[in-house]
Amino acid sequence: MSLTRGNQILNLSGLRFDAKLGFLAHELTNTQPILVDAELNLGSQPLMPRDDDITHVLDYRRVRSIIIEECNATHVNLLESMIGKVCLRLMDLPGVLGVRIKIAKLEIFDDCEVAIRMETGQW
């Protein structure tokens, strides 16, 4: 028996950018830096794509742009709201069975970062 398939997980880690997030007075008028890690479960995939063409796989550039776009579409008060919106958008991508997202607010406290991790779908 030859091995031809495996479970594939797309991992995007360390994505840093400014987002419209928070309910404190200074957060309502300014963006703040966040750090996003994402894992997308693509389930059983061929060990090698049928050809070496980007149109036959999930383009991670699209995943990155969706995360940035969703975190800046509108201001949200809560990190919980933001992470839910990102999960929903990524779960809509073709072939995605599950999503794990972690979003950290980097400057809310001087001595630590605060993060929320959400997991949805199949793992």
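**Salt bridges and surroundings in a predicted model**

The structure holds eight salt bridges, and since this is a predicted model, they are best read together with the fold in which they sit. The protein chain has three helices and four strands, and from the N terminus on these elements follow the order β-α-β-α-α-β-β. Taken along the principal axes, the C-alpha atoms fill a box of roughly 60 × 25 × 20 Å. Of the contacts in the chain with a separation of 6 or more, 64% are accounted for by residues 24 or more positions apart.

Some of the salt bridges can be followed through the elements they join. The side chains of E119 and R100 meet at 2.8 Å, N to O. E119 belongs to strand β4 (residues 114-121) and R100 to strand β3 (residues 98-105), so this pair ties together parts that are 19 residues apart in sequence. E119 counts as partly exposed because its relative accessibility is 41%. This pair also has a wider setting, for E39, R100, R117 and E119 are linked in a network of salt bridges.

A second salt bridge joins helices: the side chains of E70 and R89 meet at 2.7 Å, N to O. The pair links distant parts of the chain, with E70 in helix α2 and R89 in helix α3 (residues 79-91), 19 residues apart. The acidic partner, E70, is buried, because its relative accessible area is 12% and the term applies under 20%. R89, at 28% relative accessibility, counts as partly exposed.

The side chains of D59 and R61 form a further salt bridge, with a distance of 2.6 Å from N to O. Here D59 is buried, with a relative accessible area of 17%, whereas R61 counts as exposed at 56% relative accessibility, the cut-off for that term being over 50%.

Taking the charges of the whole chain, there are 13 positive and 17 negative side chains, and the centres of these two sets lie 4 Å apart.

From the charged side chains one may turn to the buried part of the chain, where buried residues make up 33% of the 123 residues. A38 offers one case: this residue lies in strand β2 and is buried, with a relative accessible area of 2%. Leaving aside residues up to four places away in sequence, A38 touches L10, N11, L12, I67, R100 and I101. Among these contacts is R100, the residue whose side chain meets E119 in a salt bridge. By contrast with these contacts, the C-alpha atoms of A38 and D110, which are 72 residues apart along the chain, are separated by 25 Å.

The outer surface completes the picture. The protein chain exposes about 7,700 Å², and carbon and sulfur atoms supply 52% of that area. On this surface, L3, L47 and M48 make a nonpolar patch of about 380 Å². M48 is found in the loop between β2 (32-46) and α2 (60-72), and M48 counts as exposed because its relative accessibility is 65%. Strand β2, which precedes this loop, is also the strand in which the buried residue A38 lies, while helix α2, on the other side of the loop, holds E70 of the salt bridge with R89.

Definitions and conventions
Residues are numbered from 1 along each chain as its sequence is written. This is a predicted model: local features need pLDDT of at least 70, side-chain atom pairs count only at pLDDT 80 or more; totals for chains, interfaces and linings use all residues. Side-chain values use heavy atoms; hydrogens and water are left out. Patches are made of residues with over 30% relative accessible area and no salt bridge: like charges are joined within 9 Å, nonpolar side chains (Val, Leu, Ile, Met, Phe, Trp, Tyr) within 5 Å. Accessible areas come from the Shrake-Rupley method with a 1.4 Å probe; for residues, only the protein chains shown count as cover. A salt bridge is a side-chain nitrogen of Lys or Arg within 4 Å of a carboxyl oxygen of Asp or Glu. Helices (H or I, at least four residues) and strands (E, at least two) are DSSP runs, numbered from the N terminus. Buried means under 20% relative accessible area, exposed over 50%, partly exposed in between (1.4 Å probe, protein chains only). Contact means heavy atoms within 4.5 Å. Lys and Arg count as positive and Asp and Glu as negative; His and the chain ends are not counted. The place of a charge is taken as NZ of Lys, CZ of Arg, CG of Asp or CD of Glu.
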